[in-house]
Amino acid sequence: PTVALPLLCVISVRCVEDTTAIHKQLKFRCKAALTAGFEPVKMGYLDLAPFSYTDSDGKAAGELIEFARKLMTEFDLQHDFVEMPPARLYQQLAQGNVHFWLGAQGAPLLQHTTIAGKKPYGYLRLNIYGRSGDKPPVLDQLSNATVITLQGYEYGGLLPGLFKSPSMRQISTSDHVAAFSMLRSGRARYV
């Protein structure tokens, strides 16, 4: 089973002086925010291949990175890319140290500290994996289950609603390799 998260243009409000003018269209929004004296524009990204990652040459790569490069070129803006873990990226966006991000909205820290586009430019599918031989999981039927999640990720704001049942248990780990190792060893039913 999968869940589709809308991918949006997210801009730190600390980069925008007049937030009322920001709500017209994505192109205007990005241009207005990113030309408010924040060159080079600092774009944060997550290690989320094939969407965004650091390649073997140490450079930002992936579908979202290429989209951002085209956007910055169109606006004739100097820009730098910086990879960060999710919690740090959200914090840096909220503080205005990172100006721009292409990703899913949903982190509570970003709700009042960023402006997001209204029209998604794509969708990210979240998959739920179970142990071999188990019945395929259904998102709204995970009661009495233990679920492994990756630390720092907000999963588009799905986690609070998912774990509202007291019978569900969440185990957080730092990376995908550890998550699937824990799943194989029987520490949880789902990742």
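## A first look at the predicted model

Ala49 is exposed, with a relative accessible area of 54%. That residue makes a handy starting point for a tour of this structure, which is a predicted model. We will begin at its loop, step back to the whole protein, and then visit the cores, a salt bridge and the pockets.

### Starting at the loop

Where does Ala49 lie? Its home is the loop between S2 and strand S3 (53-54), and Pro50 is placed in the loop between S2 and S3 as well. The peptide bond that runs from Ala49 to Pro50 is cis, with omega near 5°. As background, most peptide bonds are trans. Ala49 can also be placed relative to Ala61: the two are 12 residues apart in sequence, and their C-alpha atoms are 8.6 Å apart in space.

### The protein as a whole

Stepping back, you will find 5 helices and 10 strands in the protein. There are 191 residues, and buried residues make up 41% of them. How do the contacts spread along the sequence? Counting contacts with a separation of 6 or more, 67% join residues that are 24 or more positions apart.

### Helix H3 and the cores

Helix H3, which covers residues 86-95, is a good place to look inside. Pro86, Leu89, Tyr90, Gln92, Leu93 and Ala94 are buried in this helix. Gln95 also lies in helix H3, but Gln95 counts as partly exposed at 37% relative accessibility, because the range for that class runs between 20% and 50%. Between the C-alpha atoms of Gln95 and Thr114 there are 9.6 Å, with 19 residues separating the pair along the chain. Just after H3 comes Gly96, whose phi is positive, at about 85°. In general, most residues other than glycine have a negative phi.

Two of the buried residues of H3 reappear in the largest nonpolar core. Which residues have the most contacts inside that core? They are Leu89, Leu93, Trp101, Leu110 and Ile148, in a set of 18 residues. At least two residues of this core come from each of H3, S9 and H5. A second core, separate from this one, has 15 residues and includes Tyr45, Leu64, Ala68 and Met72. Nonpolar side chains tend to be buried together in soluble globular proteins.

Leu110 deserves a closer look. Leaving out residues up to four places away in sequence, Leu110 touches Tyr90, Leu93, Ala94, Trp101 and Gln105.

### Thr146 in strand S9

Strand S9 is also where you will find Thr146. Is Thr146 buried or exposed? Thr146 is buried, because its relative accessible area of 16% falls under 20%. Apart from its neighbours within four places in sequence, Thr146 is in contact with Arg169, Ile171, Arg187, Ala188, Arg189 and Tyr190.

### One salt bridge

The structure holds 1 salt bridge. Its partners are the side chains of Arg69 and Glu66, which meet at 2.7 Å, N to O. How are these two placed along the chain? Both belong to helix H2 (residues 63-74), and they sit 3 residues apart, so about one helical turn separates them. Arg69 is partly exposed, with a relative accessible area of 26%, and Glu66 is partly exposed too, at 38%.

### The two pockets

The table sets the two pockets side by side.

| Pocket | Volume | Lining by class |
|---|---|---|
| Largest pocket | about 840 Å³ | 31 nonpolar, 8 polar and 2 charged residues |
| Second largest pocket | about 220 Å³ | 6 nonpolar, 3 polar and 3 charged residues |

The largest pocket has a volume of about 840 Å³. Of the 41 residues that line this pocket, those closest to its centre are Leu124, Arg125, Leu126, Asn127 and Tyr155. Several elements give two or more residues to its lining: strands S1 (2-12), S2 (41-45), S6 (100-104), S8 (122-127) and S9 (146-150), together with helices H4 (158-162) and H5 (176-184).

What lines the second largest pocket? Its lining is made up of Leu46, Asp47, Glu83, Met84, Pro85, Pro86, Leu150, Gln151, Tyr153, Ser174, Asp175 and His176. Pro86 has come up before, as one of the buried residues of helix H3.

Technical notes
Residues numbered from 1 in each chain as written. Predicted model: local features only at pLDDT ≥ 70, side-chain atom pairs only at ≥ 80, totals over all residues. Heavy atoms only, no water. 1 Å grid on protein atoms, 1.4 Å probe; cavity = no way out; pocket = protein on both sides within 12 Å on 5 of 7 lines; lining within 4 Å. Points joined across faces, edges and corners; volume = space filled by probe spheres on them. Helix = DSSP H or I, 4+ residues; strand = E, 2+ residues; numbered from the N terminus. Nonpolar A, V, L, I, M, F, W, Y, C, P; charged D, E, K, R; others polar. Salt bridge = Lys/Arg side-chain N within 4 Å of Asp/Glu carboxyl O. Buried < 20%, exposed > 50% of the residue type's maximum accessible area, 1.4 Å probe, protein only. Core = buried A, V, L, I, M, F, W, Y, C linked by side-chain atoms within 4.5 Å. Contact = heavy atoms within 4.5 Å.
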